[in-house]
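Got your viewer open? Load the model and follow along, one selection at a time.

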Amino acid sequence: MQFLQEKQVGVVHAGEILKIYGSQALAVLSQDPYQMARDLPRGGFELADAIALRSGLPRDDEKRLQAALIHVLILAGQEGHVCVEKEGLLTRAASVCGVGA
């Protein structure tokens, strides 16, 4: 729980994280915070991204960019899409990350 407090994760989100990962929360988030983006259907990427960036991960890190692409694909699927054009995927992922496409 201290790890989450240090990363400025609120009580509600911390509770969700602990509910999903239990005693393995620290290990999972230390190894790959973006795992949460795949496990939390709504808001997981934003929360994982905040934790990763506060942990010192560079904004252009490959894991971050991959997670953004997966996040955008998940959102597209939730919106009813069965495919996404490459340019649209890259543009939306870059927007999510705040980096150039």
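Start by selecting L29: leaving aside neighbours within four places in sequence, L29 is in contact (heavy atoms within 4.5 Å) with F3, L4, I17, Y21, M36 and I51. Before moving on, note that this is a predicted model, where local features need pLDDT of at least 70 and side-chain atom pairs count only at pLDDT 80 or more, while totals for chains, interfaces and linings use all residues. Residues are numbered from 1 along each chain as its sequence is written, and side-chain values use heavy atoms, with hydrogens and water left out.

Now add L4, I17, M36 and I51: together with L29, they have the most contacts inside the largest nonpolar core, a group of 24 residues. (Such a core is a set of buried Ala, Val, Leu, Ile, Met, Phe, Trp, Tyr and Cys residues joined through side-chain atoms within 4.5 Å; buried means under 20% relative accessible area, exposed over 50%, partly exposed in between, using a 1.4 Å probe and protein chains only.) Colour α5 (44–54) next; this helix gives the most to the core, 5 residues. (Helices are DSSP runs of H or I, at least four residues, and strands are runs of E, at least two, numbered from the N terminus.)

Next stop, the salt bridges: a side-chain nitrogen of Lys or Arg within 4 Å of a carboxyl oxygen of Asp or Glu. There are 3 in the structure. Pick R64 and D49, whose closest N and O atoms are 2.6 Å apart. R64 sits in α6 and D49 in α5, so the pair ties together parts 15 residues apart in sequence. Both R64 and D49 are buried.

Finish with D32 and R38, whose side chains meet in a salt bridge at 2.9 Å, N to O.
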